[in-house]
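User: Please take a close look at the empty space inside this protein. I would like to know what lines it and what surrounds it.

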Amino acid sequence: MEKINLSEITQELLKTVSDFNGGFKHAFSIRENGCGVMRRSTENVTIEDKPDAPGLVIRVRAGAKGEKVSIPACVTHGNVDDIVYNDFYIGEGADVRIIAGCGVHVSTGEPARHNGIHRFFLDKGAHVVYEEKHIGTGKGRGVRSIDPVTEVYLGEDSYLEMDSVQLGGVDTTVRQTSGEVGKNAHLTIRERILTEGEQTAKTDFEIEMNGEGSSVNLISRSVAKDSSYQAYRSKIAGNAQCSGHSECDAIIVGGGRVDASPELVANHGDAALIHEAAIGKIAGEQIIKLRTLGLTEEEAENRIVSGFLK
């Protein structure tokens with residue numbers, strides 16, 4: 001594993017949002033303040049510059065198994081508005097884990113933003129696990145923004161599992177995910193979001209199941225604390241014999257507010273679609289039970305929130 005020289009702030013962000021431990025043993029690309037600072041391709045994974053926009057083209061060779069790719073992005077100071085376009089082409093029958101965390105650090109009054117636009121193209125039988133962690137840090141008053149846009153295109157018999165986590169400290173986020181799911185393909189998305197203070201978070205899912213035997217499972221868990229606000233919208237359209245499920249669970253703490261709008265559209269007689277939405281405060285008996293074990297009310301509340309977002 002080659003040693004990578006990075007600023008202390010970048011290294012701390014990388015440790016939080018990716019699998020960074022002084023370096024990477026696999027294919028990777030590190031982005032810092034709008035610029036690529038280091039990358040490495042491997043025999044089965046190539047990472048190249050995108051020819052028509054700032055960003056990368058990542059290709060995983062057909063049939064490759066057990067591959068791993070890390071593409072973290074960091075913004076370490078204010079007055080940065082970083083936008084990057086990354087395209088992933090996953091070959092037939094390939095199996096890969098992709099880690100794409102983002103951290104934004106502000107120590108002044110200037111704002112900072114990262115906007116990652118990712119597109120996934122999965123060939124027949126491809127299998128992808130995609131992990132994404134977001135965090136905002138620093139004591140500056142500048143607004144920290146992370147606005148991810150994700151597009152997915154799943155070929156026949158392919159599988160994509162997305163796990164997206166917002167760990168805190170992000171003042172504003174707009175998270176947009178859209179996709180098309182082909183024959184016998186499966187898409188699972190798990191989202192976990194924490195907002196505090198005056199922070200806002202908006203989520204927008206729009207998925208179309210176009211192939212026979214396709215399926216989608218959208219799961220969102222969120223906690224809105226203090227005076228923060230969250231809005232969740234999901235739309236699942238079944239255009240063939242398929243199955244779709246959308247679930248939104250939110251906890252309100254203090255004066256937090258949450259809107260949830262799950263939408264289902266059945267354009268085929270054999271489309272089986274379900275949605276669930278639940279919003280509420282922490283149950284009083286849960287607090288009481290933990291307090292009998294010696295926890296303060298604040299400690300009990302934090303324990304419940306932590307468990308809910310796991």
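Analyst: What follows goes through the internal cavities, then the open pocket, the nonpolar cores and the cysteines. The model is predicted.

A search of the whole structure turns up two cavities of 30 Å³ or more. The largest cavity has a volume of about 100 Å³. Its lining consists of Glu132, Pro148, Thr150, Met162, Ser164, Arg175, Gln176, Thr177, Ile189, Glu191 and Phe205. By character, these residues divide into four nonpolar, four polar and three charged. Strand 14 (159–166), strand 15 (172–181) and strand 16 (186–195) each supply at least two residues of that lining, and strand 15 has the largest share, three residues.

The second largest cavity holds about 70 Å³ of space. Around it are Glu191, Ile193, Ala201, Lys202, Thr203, Ser220, Ser222, Gln230, Ala231, Tyr232, Cys248 and Val258. Two or more lining residues come from each of strand 16, strand 17 (200–209), strand 18 (214–224) and strand 19 (229–238). Six residues of this lining are nonpolar, four polar and two charged. Glu191 is listed in the lining of the largest cavity and also in that of the second largest.

The open space comes next. The largest pocket has a volume of about 240 Å³. Of the 25 residues that line the largest pocket, Arg31, Ile71, Ala73, Val84 and Asn86 are the closest to its centre. The elements giving two or more residues to this lining are strand 1 (27–32), strand 2 (35–40), strand 4 (55–60), strand 7 (80–90), strand 10 (112–122) and strand 11 (127–137). Strand 10 gives the most, with three residues. The pocket lining divides into eleven nonpolar, nine polar and five charged residues.

As for the packed parts, the largest nonpolar core has 39 residues, and Ile90, Leu160 and Leu187 have the most contacts inside it. Leaving aside neighbours within four places in sequence, Ile90 is in contact with Val60, Val96, Ile98, Phe121, Leu122, Asp123, Ala126 and Val128. Another core, of ten residues, lies apart from the largest one and includes Leu6, Leu13, Phe28 and Ile30.

Finally, the cysteines: the search finds zero disulfides in the whole structure. Cys74 is buried at 1% relative accessibility, and Cys102 is buried with a relative accessible area of 2%. The closest cysteine sulfur to that of Cys74 is in Cys102, and because the gap is 7.1 Å, it is too far for a bond. A disulfide requires the two sulfur atoms to be within 2.5 Å.

Conventions. Residues are numbered from 1 along each chain as its sequence is written. This is a predicted model: local features need pLDDT of at least 70, side-chain atom pairs count only at pLDDT 80 or more; totals for chains, interfaces and linings use all residues. Side-chain values use heavy atoms; hydrogens and water are left out. Buried means under 20% relative accessible area, exposed over 50%, partly exposed in between (1.4 Å probe, protein chains only). A nonpolar core is a set of buried Ala, Val, Leu, Ile, Met, Phe, Trp, Tyr and Cys residues joined through side-chain atoms within 4.5 Å. Contact means heavy atoms within 4.5 Å. On a 1 Å grid over the protein atoms alone, a cavity is a set of points where a 1.4 Å probe fits but cannot get out, and a pocket is an open set with protein on both sides within 12 Å along at least five of seven lines; lining residues have an atom within 4 Å of a point. Grid points are joined across faces, edges and corners, and a volume is the space filled by probe spheres set on the points. Helices (H or I, at least four residues) and strands (E, at least two) are DSSP runs, numbered from the N terminus. Ala, Val, Leu, Ile, Met, Phe, Trp, Tyr, Cys and Pro count as nonpolar, Asp, Glu, Lys and Arg as charged, and the others, Gly among them, as polar.
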